[in-house]
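Notebook open, model loaded. Today I go through it piece by piece and jot down what I look up.

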Amino acid sequence: MTRTVVAEVPERPPPKRYGWAGSLLVPAASALFVFVALVQALHVAGVVSFGFANWRPVVCAYLAWGVALCVGQVLRRGEDGVRVLFIMPAVLFTVAMVIFPTLFGLTIAMTDWNLSSTAGRQFNGLDNFRQMLGDAYYWNALQNMVIYSALVLVEYTVAFGLALLLNQQIRARKLFRVVFLLPLMLSPVAVSWMIGKSMLEYRFGPVANLMRWVGWDNPAFFANPWTARLTIEVMDAWTFIPFMMVVLLAGLQALPKDVMEAAEVDGASRWQTFWGVTFPLMLPVSITAIVLRIIFKLKLADIIINVTAGGPGGATDSVTSFIFREYRDRSNVGYGTMLAFVYLILIILFVTGLLKLLNRWTRDVT
Amino acid sequence: MEPASPAVSTRFDEADVPRPGAGRLARLGARRVFLYGALLVWAIVCLFPIYWTVTTSFKTAVNVTQGHLIPWLDYRPDWRGWRSLGLSPDTIDNVSTVREEFLSRFTNSAVASLSASLLAILIGSLAAYGLARFRYRFGFMRNEDISFFFLSQLILPPVVLALPFLVLYKELDLLDTRIGLILLYTLTVLPIVIWIMRDQFNAIPVELEEAALVDGLSIWGAFYQIVLPLALPGMVAALVLSMVLCWNEYFFAALLTSVEAKTLPVMVASQTGSQGINWWSMAALSTAAIAPLLIVGVALERYLIKGMTAGAVK
């Protein structure tokens, strides 16, 4: 990937004339923003009597500050400033929507804050963390996430098989591709209802009937922890296998034709061609698909919330569904936020570790 | 490879074909059977739940509990499910509170997903273009770091932001508003849009813009008049993918909306608990909730695939 700077063209002189205005505008807007935020903070704290009904004006001040920053860039730096304008909106948006709430969340995580009680927030230091260490349900949810993530490899195998099928010389390939893609477009909530509640219904669900016919006398999918976990996994896999399939299929179609033909001419069997040529060549695409899938898997919640609500006894809980219930039942944002932050740190460690490991491994293999 | 056979072939020649050839043909046939068999099985796995939902919306209680499968053969289709939604032919003209609610949830979902996707495409495309073409330096942050900053948002699980946003939105009076949802949805799809669009812009030759700049267009003019039309397929891909994700989003909507801005998935989810399950009306509701995406998905499948495979294959 090469990036080229489109700057080799005749440079127009930057309009320095208004530079002073730019240097003035940004500090002024910053001052306004800080002032508005300060007034509101003091108002909420009860120090000053005047202020706003809610924090919205502070958001407006932030927007004004953002606009002033952009205008200031153009006035002060001319052409370079214009270039900066391209990434400015996204950066300002992400900072406001991620960095600020995350920092704010850190302060919530160290409080005992029940939204439905009048007591308001009380700072309690690391109490939430200590409580978390003894929370068997949270550890159980984390353990479930490990299981769910490990099962991505099974999904990958199925998806690879489907991609290979679609990559053959077949009729109506386009039709099959559309059909195979359909589950991805269904909302997890609809899937929970359609499959989890309706088709797996013990008395008359078609899948339960099929299972009886196959020979499982008592097709209660959510009675036993392991069958419940696997059933949730199957539903989630059903919606997301198409994603991996599409990525792998694109990879298969981009394989160099001559290499494949050479293997065939050499008299390699299909099995040998697959393990000797296709699979190694597909490794980078496979890794992309698996890593993306694991990232999506770590957000798994909707199906669990709607089908089992974590049951039986927390056996199917994902971290997200557990925190969701924890908040719904006790409306304590402090504890829930602490759990979420610990999860975030674990995810960051896990994903960076995984990427490092995979990088080194692919370098060794290829 | 068979040895070259005489140009004129007769029926006798075919009879003379040695046995290994016939075996090979049989093997090939078996392979075909297996291939299409596997394709068909998976097609059924994909389609049956949808079929089941659509047909259940036309079943009465007896038909559901007896597990009837095929309309007209097994049971007589009835508008039962759709009537309870106020969407059957005989109730479509009457006043229906359920239909009112359904339509308002539908509009909320449509407005939220469309606006969020468009907003994400707007700021995401600009950022992706900047990152693909210019070199930035903000303190220690170079292009690679800025790209990583955006893409790393993808691993941020929604649950981390959910509770802080609950409190923040309460303070901002944005709880249960469409704007609140739109902002959050934009955030969740922004990394994906930037990912797709950066790939798209990298594929467009720089010479085009250089020529445009020489011709006297400004940077923004070149972007708007030259690059944007070329990047349109990528933008449609990003739009379709974002719309699918936003339309199906449940977690934030369940936490942050209650009355006004409730979306369709929340409505579907809230039906199950109350008084037993009305299978037919749930089925009708689910069908109505998934129908728009099925149509969009089938019609724009090409773009959906383009969006999902962007950047995955070099």
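Before anything else, the burial scale I need: a residue counts as buried with 20 or more other C-beta atoms within 10 Å of its own, as exposed with 12 or fewer, and as partly exposed in between. Also to keep in mind: this is a predicted model.

**Entry 1: two loop residues in chain A**

I started with Ala309(A), which sits in the loop between α13 (302-307) and α14 of chain A. Is Ala309(A) buried or exposed? I find 15 other C-beta atoms within 10 Å, so Ala309(A) is partly exposed. Its backbone caught my eye: phi of Ala309(A) is near 50 degrees, a positive value in a residue other than glycine. Most residues other than glycine have a negative phi, so I flagged it.

Ser331(A) went on the list too, with phi near 40 degrees, again positive in a non-glycine residue. I located Ser331(A) in the loop between α14 and α15 of chain A. Ser331(A) has 14 C-beta neighbours inside 10 Å and therefore counts as partly exposed.

**Entry 2: the helices on either side of that loop**

Next I looked at how α14 (residues 319-330) and α15 (residues 333-365) of chain A pack. Their axes are 9 Å apart, at an angle of about 170 degrees. An angle over 145 counts as roughly antiparallel, so that is what α14(A) and α15(A) are to each other.

Which residues of α14(A) meet α15(A)? I noted Val319(A), Ile323(A), Glu326(A) and Tyr327(A). From α15(A), the partners are Val333(A), Tyr335(A), Gly336(A), Leu339(A), Ala340(A) and Tyr343(A). By class, I get eight nonpolar residues, one polar and one charged in this contact.

**Entry 3: a helix crossing in chain B**

Over in chain B, I checked α10 (residues 219-248) against α14 (residues 301-309). Their axes come within 8 Å and cross at roughly 90 degrees. Since 65 to 115 degrees counts as roughly perpendicular, α10(B) and α14(B) get that label.

On the α10(B) side, I wrote down Pro233(B), Val236(B), Ala237(B), Ala238(B), Val240(B) and Leu241(B). They meet Tyr303(B), Leu304(B), Lys306(B), Gly307(B) and Met308(B) of α14(B). The class tally for this contact is nine nonpolar, one polar and one charged.

**Entry 4: nonpolar cores**

How many residues are in the largest nonpolar core? I read 172, and the members touching the most others are Met245(A), Leu248(A), Ala127(B) and Val193(B). Helix α10 of chain B turns up again here, giving the largest share of this core with 15 residues.

I followed up Leu248(A). Leaving out residues up to four places away in sequence, Leu248(A) touches Ala159(A), Phe160(A), Ala163(A), Val285(A), Ser286(A) and Ala289(A). I also found a second, separate core of five residues, including Val36(A), Ala61(A), Trp65(A) and Ala68(A).

**Entry 5: chain A against chain B**

I then turned to the interface. On it, 80 residues of chain A are in contact with 87 residues of chain B. Which helix of chain A gives the largest share of its side? That is α3 (residues 79-109), with 14 residues. The chain A side divides into 58 nonpolar, 14 polar and eight charged residues.

**Entry 6: domains**

I have chain A down as domain 1 (16-109) and domain 2 (136-365). Their C-alpha centres lie 41 Å apart. Their contact takes four residues from domain 1 and five from domain 2. On the domain 1 side I count three nonpolar residues, one polar and no charged.

Chain B is divided into domain 1 (19-46), domain 2 (57-91) and domain 3 (97-309). I looked up domains 2 and 3 of chain B, whose centres are 36 Å apart over C-alpha atoms. Ten residues of domain 2 are in contact with eleven of domain 3. Helix α4 (residues 80-85) of chain B gives the most to the domain 2 side, with five residues. That side has four nonpolar, four polar and two charged residues.

**Entry 7: one last serine**

Last lookup: Ser270(B), in helix α12 (residues 264-271) of chain B. Ser270(B) has 14 C-beta neighbours inside 10 Å, which means it counts as partly exposed. From Ser270(B) to Ala254(B) I have 16 residues in sequence and 9.4 Å in space, C-alpha to C-alpha.

Terms used
Residues are numbered from 1 along each chain as its sequence is written. Chains are lettered from A and ligands numbered from 1 in the order in which they are written. This is a predicted model: local features need pLDDT of at least 70, side-chain atom pairs count only at pLDDT 80 or more; totals for chains, interfaces and linings use all residues. Domain bounds come from an automatic or database domain assignment. Two residues are in contact if their C-beta atoms, placed from the backbone, lie within 7 Å. Helices (H or I, at least four residues) and strands (E, at least two) are DSSP runs, numbered from the N terminus. Ala, Val, Leu, Ile, Met, Phe, Trp, Tyr, Cys and Pro count as nonpolar, Asp, Glu, Lys and Arg as charged, and the others, Gly among them, as polar. A nonpolar core is a set of buried Ala, Val, Leu, Ile, Met, Phe, Trp, Tyr and Cys residues joined through C-beta atoms within 7 Å. Axes are lines fitted to C-alpha atoms, for helices over the stretch in contact, and angles run from 0 to 180 degrees between N-to-C directions. Angles under 35 degrees count as roughly parallel, over 145 as roughly antiparallel, 65 to 115 as roughly perpendicular and the rest as oblique.
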